[in-house]
Amino acid sequence: MAATATVRRTRPRGEIRRSQILDAATEVFLENGYGGATIDLVVERAGASKATVYSFFGGKDGLFAAIVEQRVERIVSAFGDPEVVHSDVRHALAHIAERYMEVVMAPDAVGFWRLIIAEGVRFPELARTFFEVGRERTEAHLAAMLSVWREQGLIRLDDPKLAAVQFLDAVGGDLHRRAMAGIFPKNLSTAIQRSIDHAVQIFWYGIKVDAPRRARLATVSGGR
């Protein structure tokens, strides 16, 4: 018990307050939509002051961007370092896909996708923030990893950026689209794993390098 209390005390008080405000703001956005959400509602839900909210986020736009960024961090933090993957790229891709689906298929994440579809036309900056801070950052992180693996001779592909987009699309696939419409399979966890396994298998067979070619690449690299 004492150890747990010590861990809790070591977390900065401002970080805890910031997280509480983000949780409250998430609920407010999902319940009221972007247009109907206000700082006053967030303040009331979080039990915070306007000054505190503005000092952390600068306003409603900043709050929304922070929520999106928080979810992206949950995804990319599990990607790992491409330099230490070595030869097991397929396993790394499966791990990335699992983490990605764990985050994007969460009820609040699905709710945010619905919010963007419903209000993106009226609030173009909202949609732009969602994609630039959210999806595009995730894609860029994966593209960087694919580039490293390509340079190491572990995979073959022409366009890492496009490949990253297509991989994440394949992982979510029809399952994510149906979730946005409120249609879920009876066994969601099984359906998610099936979608991941299928996407990784197809993607891997499209980028893998055969053993003889990998040996040649390693020889060329070693002779530089």
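This passage describes helix α7 and the largest pocket of a predicted model.

Helix α7 comprises the 13 residues 107–119, for which a rise of 1.5 Å a residue leads to an expected span of 18 Å; the C-alpha atoms at the two ends of α7 are 18 Å apart, in agreement with that expectation. The buried residues of this helix are A109, V110, G111, F112, W113, L115, I116 and E119, and the elements that cover them include α2 (13–36), α5 (60–76), α6 (89–104), α8 (124–151) and α9 (160–180). P107, which also lies in helix α7, is classed as exposed because its relative accessibility of 72% exceeds the cut-off of 50%. Although P107 and A179 stand 72 residues apart along the chain, their C-alpha atoms are separated by 9.0 Å.

The largest pocket has a volume of about 250 Å³, and its lining consists of A170, G172, D174, L175, A191, R194, S195, H198, A199, I202 and F203. At least two residues of this lining are supplied by each of α9 and α10 (188–207), with α10 giving the most, namely seven residues. In terms of residue character, the lining of the largest pocket divides into six nonpolar, three polar and two charged residues. Helix α9 thus appears in both parts of this description, being included in what covers the buried residues of α7 and supplying at least two residues of the lining of the largest pocket.

Note on methods
Residues are numbered from 1 along each chain as its sequence is written. This is a predicted model: local features need pLDDT of at least 70, side-chain atom pairs count only at pLDDT 80 or more; totals for chains, interfaces and linings use all residues. Side-chain values use heavy atoms; hydrogens and water are left out. Helices (H or I, at least four residues) and strands (E, at least two) are DSSP runs, numbered from the N terminus. The expected span of a helix is 1.5 Å times one less than its number of residues. Buried means under 20% relative accessible area, exposed over 50%, partly exposed in between (1.4 Å probe, protein chains only). Contact means heavy atoms within 4.5 Å. On a 1 Å grid over the protein atoms alone, a cavity is a set of points where a 1.4 Å probe fits but cannot get out, and a pocket is an open set with protein on both sides within 12 Å along at least five of seven lines; lining residues have an atom within 4 Å of a point. Grid points are joined across faces, edges and corners, and a volume is the space filled by probe spheres set on the points. Ala, Val, Leu, Ile, Met, Phe, Trp, Tyr, Cys and Pro count as nonpolar, Asp, Glu, Lys and Arg as charged, and the others, Gly among them, as polar.
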